[in-house]
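Here are my notes on the structure shown below, set out as numbered points. They start with one helix and its surroundings, then move outward.

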Amino acid sequence: MKKIIYVGLLVAVAFACEKPKEKALPILGRHEYNENDTVYHTIDDFKFVNQDSNWVSQQTVEGKVYVADFFFTSCPTICPIMKTQMLRVYEQIQDNDDVLILSHTIDPKHDTVAVLKEFAERLGVSSEKWHFVTGEKEAIYKIGQTSYMVSAVEDPTEPGGFIHSGAFILVDDQRRVRGIYDGTKPDQVDRLIRDLDILLKEINS
Amino acid sequence: MRVLVLLLTVILFQACSGKTDNNEGSHKENVKLEQYMVEGQQLYMQHCSNCHQADGAGLAQLFPPLKGSDYMFENFEKALCSMKYGQEGEITVNGVTYNQKMPGIPTLTALEVAEISTYIYNSWGNERGLIDVKKAEEVLKNCKN
């Protein structure tokens, strides 16, 4: 009996002494397994237009890490907070070529390229770094739900006419979702900023 | 002589009582201001701070600041009306233009408008004093929509 306790203690001590490793980020979404590999959930191909009328697609984000969200410019509820918080992310990454931000409008009828352009300019952000994209409504809603795992629906009874998630989604260079954060909560956005660093170290190592 | 003393006493008494009256008045006013500020802050955090931010500084060139806003002080009635009925079109605040539609909150009562107004007009260095419910009622009656 005593021996077991000693061994147990030794093991515990050995583990305790091991240097704490930075925890790797999880890979979110449904995994599928084929014969010898795990197939992870990835973001589907997409093609939207940004505030400069340029195409933004999976090629735009190829080999890059990006943070995605869903909003609309006339939103009176959570979007302004999301944009305030995303601006913090932007300030962290604006000089980093490996990171982009992709904000999808869920109200493409109102949020035309011109509206998005003005919005981005007034926010004072560069279109090279932070893409505000619009496209076909169905395509935007579909990619939100199936790829980014967030929801958005029209609801005329809601202020602004839409109900949607305030999530920020962290996507890695292989289009895998590595984190989902509440973009209306400063402490969750702090975590996103920290996780972004961990992810950048991971892909650069 | 006696009459003079009596007169003096009366005058003194009145002067004193007058003064206490005033004190009580301003004390009441202060309590009311405090109440309005507390209620106003809660309403502000709920309805306004998303855009105008908790510190009243606004956001970039999208949402104008309320802190030190010349527009707010020069357009007192408009500012109160916009809370309930919204506002559209370009405005200039401290030399910067803003053109984001502000949605109104039609369900706000005159008292709530008064509380929010008192809060934003007396926070972050702004100073205008109490805006009571009567004042808000009067302004809201004349809003042009």
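1. The model is a predicted one. In chain B, α4(B) is followed by B:G86, a residue with a positive phi near 80 degrees. The helix itself covers residues 76-85, and its buried residues are B:A79, B:L80, B:C81, B:M83 and B:K84. Note that B:K84 is listed among the buried residues of this helix. The cover over them includes three other helices of chain B, namely α3 (70-74), α5 (110-121) and α6 (133-141).

2. Two of those covering helices also pack on each other. The axes of α5(B) and α6(B) are 8 Å apart and meet at an angle of about 110 degrees. Angles of 65 to 115 degrees count as roughly perpendicular, so α5(B) is roughly perpendicular to α6(B). By class, their contact has seven nonpolar, one polar and two charged residues. From α5(B) the residues are B:A110, B:L111, B:V113, B:A114 and B:S117, and they meet B:V133, B:K135, B:A136, B:E137 and B:L140 of α6(B).

3. For chain B as a whole, there are six helices and two strands. Read from the N terminus, the order of elements is α-α-α-α-β-β-α-α. The chain has 145 residues, of which buried residues make up 27%. Of the contacts in chain B with a separation of 6 or more, 55% come from residues 24 or more positions apart.

4. What is the setting of B:I91? This residue lies in strand β1 of chain B, which spans residues 91-93. B:I91 has 17 C-beta neighbours inside 10 Å and therefore counts as partly exposed; 20 or more would be needed for a residue to be buried. Leaving aside residues up to four places away in sequence, B:I91 touches B:P64, B:Y71 and B:Y98. B:E24 is 67 residues from B:I91 along the chain, and their C-alpha atoms are separated by 42 Å.

5. How many residues does each chain give to the contact between chains A and B? Chain B supplies ten residues and chain A eleven. By class, the side of chain B that touches chain A has six nonpolar, three polar and one charged residues.

6. Chain A holds an open sheet of five strands, in the order β7-β6-β5-β10-β11, with mixed pairing. The edges are β7 (130-133) and β11 of chain A; each has a single partner strand, so one side of each is left without a neighbour in the sheet. From one strand to the next the twist averages 20 degrees. At the β7 edge, β6(A) (residues 99-105) and β7(A) run parallel and are joined by four bridges, with A:I101 partnered by A:W130 in β7(A).

7. Why is β10(A) described as largely enclosed by the rest of the structure? Five of the five residues of this strand, 167-171, are buried, which is the basis for that description. A:A167, A:I169 and A:V171 point one way from the strand, A:F168 and A:L170 point the other way, and all are buried.

8. The partners of β10(A) in the sheet are as follows. With β5(A), residues 65-71, the pairing is antiparallel over three bridges, and A:V171 is the bridge partner of A:Y66. With β11(A), residues 177-182, the pairing is again antiparallel, over five bridges, and A:A167 stands opposite A:D182. β10(A) and β11(A) form a hairpin with five residues between them, and A:R175 in the turn has a positive phi of about 65 degrees.

9. Helix α2 of chain A, residues 79-93, lies across β5, β6, β7 and β10 of that chain and runs at about 165 degrees to β5(A).

10. The largest nonpolar core has 47 residues, and those with the most contacts inside it are A:Y66, A:V67, A:I101, A:F168, A:I169 and A:V171. A second, separate core has 24 residues, including B:C48, B:C51, B:I131 and B:V139. Returning to the larger core, A:Y66 touches A:V61, A:V99, A:L100, A:I101, A:L102 and A:V171, not counting residues up to four places away in sequence.

Notes
Residues numbered from 1 in each chain as written. Chains lettered and ligands numbered in written order. Predicted model: local features only at pLDDT ≥ 70, side-chain atom pairs only at ≥ 80, totals over all residues. Buried ≥ 20, exposed ≤ 12 C-beta atoms within 10 Å, placed from the backbone. Contact = placed C-beta atoms within 7 Å. Nonpolar A, V, L, I, M, F, W, Y, C, P; charged D, E, K, R; others polar. Axes fitted to C-alpha atoms, helices over the stretch in contact; angles between N-to-C directions. Parallel < 35°, antiparallel > 145°, perpendicular 65-115°, else oblique. Pairing = 2+ DSSP bridges. Core = buried A, V, L, I, M, F, W, Y, C linked by C-beta atoms within 7 Å.
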